[in-house]
Amino acid sequence: MDKKSIPKVYGVLGYPAKHSLSPAMHNAAFRALKINAEYKIFEVKPEDLDYFLHALSKENIHGLNVTIPYKERILNFLDWDKESLYLKQIKAVNTIALEHGIWKGFNTDIPGFLKDLKENIDPAHKSVAILGAGGAARAVTYALANSGAEEIFIYDIEKAKSQDVAKMIKNLFPNFNIVAVENIEQLNIQEKNLLINATPVGLKNTDPCLIKEGMLNKDLFVYDLIYNPKETKLLALAKEKGARISNGLGMLLYQGMLSFKIWTKKDAPEKIMREALKKELEKCQN
Ligand code: NAP
């Protein structure tokens, strides 16, 4: 077989990763643009990660999305240039690409989240409350601080994590007001413009709603990064209170489109990727 006819391989690296919707979205885009490539799921155990990363070229892998729990471990594997060093500080690389023999790191969650959010609300001068301080929250807080939000109050069940995010933002934006709070009440959600859920709470239908009804009001915009289920208990409650809401499906689509462009240097086919995602989501709900 001549080398040109061997498909380039892309995929999502995580553990667990088998429920990812990304293969449907990327493979539909490869087919539509007649790109000789395929997108796979690489569910790799922590003890096998080093072996996997050193075998990428053998598998003809040219790019990966990186998800839980590898967003930090992947940092040591990458080559850093001046432009991308801030990503090392945010510890939020979700896309890697092989460029001229070098593995480079990118974050497409940051612009993906912002594009989706801005279709609903401009974060400039807004007061924000964030639930959760993991990998996604790091990207979200950076995106908000960098686009002129007024202030961020952040809560995580592990206080050290929210403090770490606050420290990271203070290092990057010394004048920005970010407060790591001790409990959900201290988020003062009633006084905020925007509430963001960046915890996994809501993924399971047995999960509680972290927010009490009295904390919400109709002037709030509530964004839940979760997209499956389409409407978490938090979003349902917010809607009931008259607040505007969004789930994270738009973010998933836009981050995927941006990763696709990094890998292929071609504009991602939005309509095809959106439809593929919706179809795959429907399958999960059946
Ligand atoms: P993660 O790194 O595990 O972070 C989640 C954080 O929330 C952890 O620090 C976790 O603490 C904390 N947490 C868990 N339960 C909590 C509670 N009851 N109250 C406060 N904090 C709590 O996960 P992630 O990668 O940031 O992802 C977070 C969510 O965003 C997931 O649902 C993921 O599917 C979603 N996401 C969506 C997109 C999209 O494109 N729409 C992209 C990325 C992520 P512990 O570690 O102590 O449990």
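The dialogue below walks through the fold, the aromatic pairs and some buried positions of a predicted model.

Me: Which helices and strands should I expect in the chain, and how compact is the chain for its 286 residues?

Reply: The chain has nine helices and 11 strands. Its radius of gyration is 19 Å, close to the 19 Å that the globule rule gives for 286 residues, so the chain is as compact as a globular protein of that length. The C-alpha trace spans about 65 × 45 × 35 Å along its principal axes, and 52% of the 286 residues count as buried. Among contacts with a separation of 6 or more, 69% are accounted for by residues 24 or more positions apart.

Me: What does the exposed area consist of, and how are the charged side chains placed?

Reply: About 14,300 Å² of the chain is exposed, and carbon and sulfur atoms supply 51% of that area. The chain carries 40 positive and 35 negative side chains, with the centres of the two sets 4 Å apart.

Me: How is a pair of aromatic rings described, and how many aromatic pairs does a search of the whole structure find?

Reply: A pair of aromatic rings is described by the distance of the centres and the angle of the planes. In this structure, the search finds nine aromatic pairs. One of them is formed by Tyr39 and Trp263, whose rings are 6.1 Å apart centre to centre with 45 degrees between the planes, and this pair is tilted. Tyr39 belongs to strand S2 (residues 37–43) and Trp263 to helix H8 (residues 249–264), so the pair ties together parts that are 224 residues apart in sequence. Both Tyr39 and Trp263 are buried, and they belong to one aromatic cluster together with Tyr10, Phe30 and Phe260.

Me: Where do Tyr142 and Phe173 lie, and are these two residues buried or exposed?

Reply: Tyr142 and Phe173 form a tilted pair, at 5.6 Å centre to centre and 50 degrees between the planes. Tyr142 lies in helix H5 (residues 135–146), while Phe173 lies in the loop between helix H6 (159–172) and strand S8 (177–180), so the pair ties together parts that are 31 residues apart in sequence. Since buried means under 20% relative accessible area, Tyr142 counts as buried at 12% relative accessibility, and Phe173 counts as buried at 18%.

Me: How should I read the cover of a helix such as H4, and which elements do its buried residues pack against?

Reply: An α-helix has 3.6 residues a turn, so residues three or four places apart point the same way. Helix H4 (residues 109–118) is mostly covered, with seven of its 10 residues buried; these are Asp109, Ile110, Gly112, Phe113, Leu114, Asp116 and Leu117. The buried residues of H4 pack against helix H3 (85–90), H5 and H8, as well as strand S9 (194–197), strand S10 (221–224) and strand S11 (244–246).

Me: What do Ile61 and Thr232 touch, leaving aside residues up to four places away in sequence?

Reply: Ile61 lies in strand S3 (residues 61–66) and is buried, with a relative accessible area of 1%. With those neighbours in sequence left out, Ile61 touches Val9, Phe42, Phe52, Leu56, Leu98 and Trp103. The C-alpha atoms of Ile61 and Lys40, 21 residues apart along the chain, are separated by 9.9 Å. Thr232 lies in the loop between S10 and helix H7 (233–240) and is buried, with a relative accessible area of 2%; under the matching exclusion of residues up to four places away, Thr232 touches Gly202, Asp224 and Ile226.

How values were computed:
Residues numbered from 1 in each chain as written. Predicted model: local features only at pLDDT ≥ 70, side-chain atom pairs only at ≥ 80, totals over all residues. Heavy atoms only, no water. Helix = DSSP H or I, 4+ residues; strand = E, 2+ residues; numbered from the N terminus. Rg over C-alpha atoms; globule rule 2.2 N^0.38 Å. Buried < 20%, exposed > 50% of the residue type's maximum accessible area, 1.4 Å probe, protein only. Contact = heavy atoms within 4.5 Å. Areas by Shrake-Rupley, 256 points an atom, 1.4 Å probe, with all protein chains shown as cover. Lys, Arg positive; Asp, Glu negative; His and termini not counted. Charge placed at Lys NZ, Arg CZ, Asp CG, Glu CD. Phe/Tyr/Trp six-rings, centres within 6.5 Å; stacked < 30°, edge-to-face > 60°.
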